[in-house]
Amino acid sequence: MKKTEMAVEGKPKPVLWVATPQRLFAIDMSKLKINHYESPKFEVLPLPLFNMLNLAEKDFPFGMSCFVRDSKLYMVGGEKPKPGASPLLFPRQPREAGHDKLFGDRGLSPYVYVLDLTGLDSTTDLDLRKHHTSMLAAKPIPIVEEIEGKIYVLSGTPWQAECLLPVPTFEVYDPAIEQWKPLPEPPFHEKRWPSSQIYKVIYHSVVGTTIYVLALSDRDYSDYYYSYNVNEGNWKLVGKSEDKLPVPYPFTPLCVGKFVPAYNDIFIYIQFDCVYAAMIPSNDKSSPTRYQHLNEVDGDLLNRDVPSINGVVVELGAHEMCIMQPGITDSEHDKLGPCCSILYITTFKVEKLLHSSSSAQARGLKLLKTADASDVSQTSSHHDHDVQDIRAPFLSITCLSKGFYDLDAWGPEAPHICSAFFHQLQVDPRNVR
């Protein structure tokens, strides 16, 4: 790829970074368009890429998670298959593939890799290098969150689930002093013999300074909710039901979402295959949370009955958001053809409507569950017990791009997204030749 293709008159180039267990993608957002699907059968477009890094082929760990800070992309943790093992065998049959016992801690990675996003070559070279600091202990498929300027990393569910997790399984990195610090061990990661426990972190969410985790407990091998407040510094068992969590339903680990940067009370989130907006009362706690189903965003996905595996929400700007939902079509699917992996990407602009003030809430209307009456059947029962929804929508949604893309570049692995971030590639026209 020529450098001149990366810049037009020195304007920033929008890049969507997506990490899967064994690949890192740089998606060219300028080539995402609105695709109209009027026919039941339609063409699935190629995913527009600047570049793709096959982590397995380049001898990096499998299943790293990433975060972006100061225009640098950091990738941490993961597991390393033994030399000669097929990259495809590890996620499907990890016990047969085995770990590279000479790498990290018995094949589990404590290492941190970094990619500088400030240079023009960041999307063409994908020069991922080992950072000079490492975690205190290796962490497979880690959960990574930035809270108040510090990076919190928690061991996830290892692909080879019966391996014993290195301690500490939970630690924090302070970029200001470039040091890692161990944190209290979570109850669901207590050290035990491999044969007695399968580690399983299911979902998580972050609300303010608190991390909520849904994980398998060794109490009765049931799923429980746990919480950790970074200021208090201790883990708490919350209970089996999300009703026990002291947060609105969209903030629970069962949903994935982000606040719209321009508004501190508008939260865009994915629940299963549906995309919703929640207006969270900021001052009057007695006011109900309002919901709006964003049919403009997820309509094509729902109409074509393509169940997504895991979706992500990405902030693009003050009012712009992005939804990515990967999925695998059924082999008998009559709308998209034979079994294939696809990625549904929508970018859209979010603006409040003039009548979306709390005056409607004050009237205490108990109406339909969503902004669109036809979507009632698609709404989860969680709205029944804690929300009085208002019929009138409170947001205007303008789609900027929308379409299905094929995942040939994704490879035969299941299209699972570990992390996704937006970055504007700043280009100095004096450096473009």
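In which strand does Asn54 lie? Asn54 lies in strand β4, a strand being a DSSP run (E) of at least two residues, numbered from the N terminus like the helices (H or I, at least four residues). The model is predicted: local features need pLDDT of at least 70 and side-chain atom pairs count only at pLDDT 80 or more, while totals for chains, interfaces and linings use all residues. Residues are numbered from 1 along each chain as its sequence is written, and side-chain values use heavy atoms, with hydrogens and water left out.

**Asn54**
- Asn54 is buried, with a relative accessible area of 10%; buried means under 20%, exposed over 50% and partly exposed in between (1.4 Å probe, protein chains only).
- The side chain of Asn54 reaches the backbone nitrogen of Glu57 at 3.1 Å.
- Beyond neighbours within four places in sequence, Asn54 is in contact (heavy atoms within 4.5 Å) with Gln22 and Arg23.

**Nonpolar core**
- The largest nonpolar core (buried Ala, Val, Leu, Ile, Met, Phe, Trp, Tyr and Cys residues joined through side-chain atoms within 4.5 Å) has 20 residues.
- At least two residues of this core come from each of β1 (13–19), β2 (23–28), β4 (49–54), β6 (72–76) and β7 (112–116), and β1 gives the largest share, 3 residues.
- Met75 is among the residues with the most contacts inside this core; leaving aside neighbours within four places in sequence, the contacts of Met75 include Leu24, Leu55, Met64, Tyr113 and Leu128.

**Helix α4**
- Val297, Asp298, Gly299, Asp300 and Leu301 are buried in helix α4 (residues 295–303).
- The cover over these buried residues includes β19 (274–279), β20 (290–293), β22 (320–328), β23 (341–352) and β24 (395–406).

Technical notes. Polar contact = N/O pair within 3.5 Å; in protein donor to acceptor, adjacent residues only side chain to side chain.
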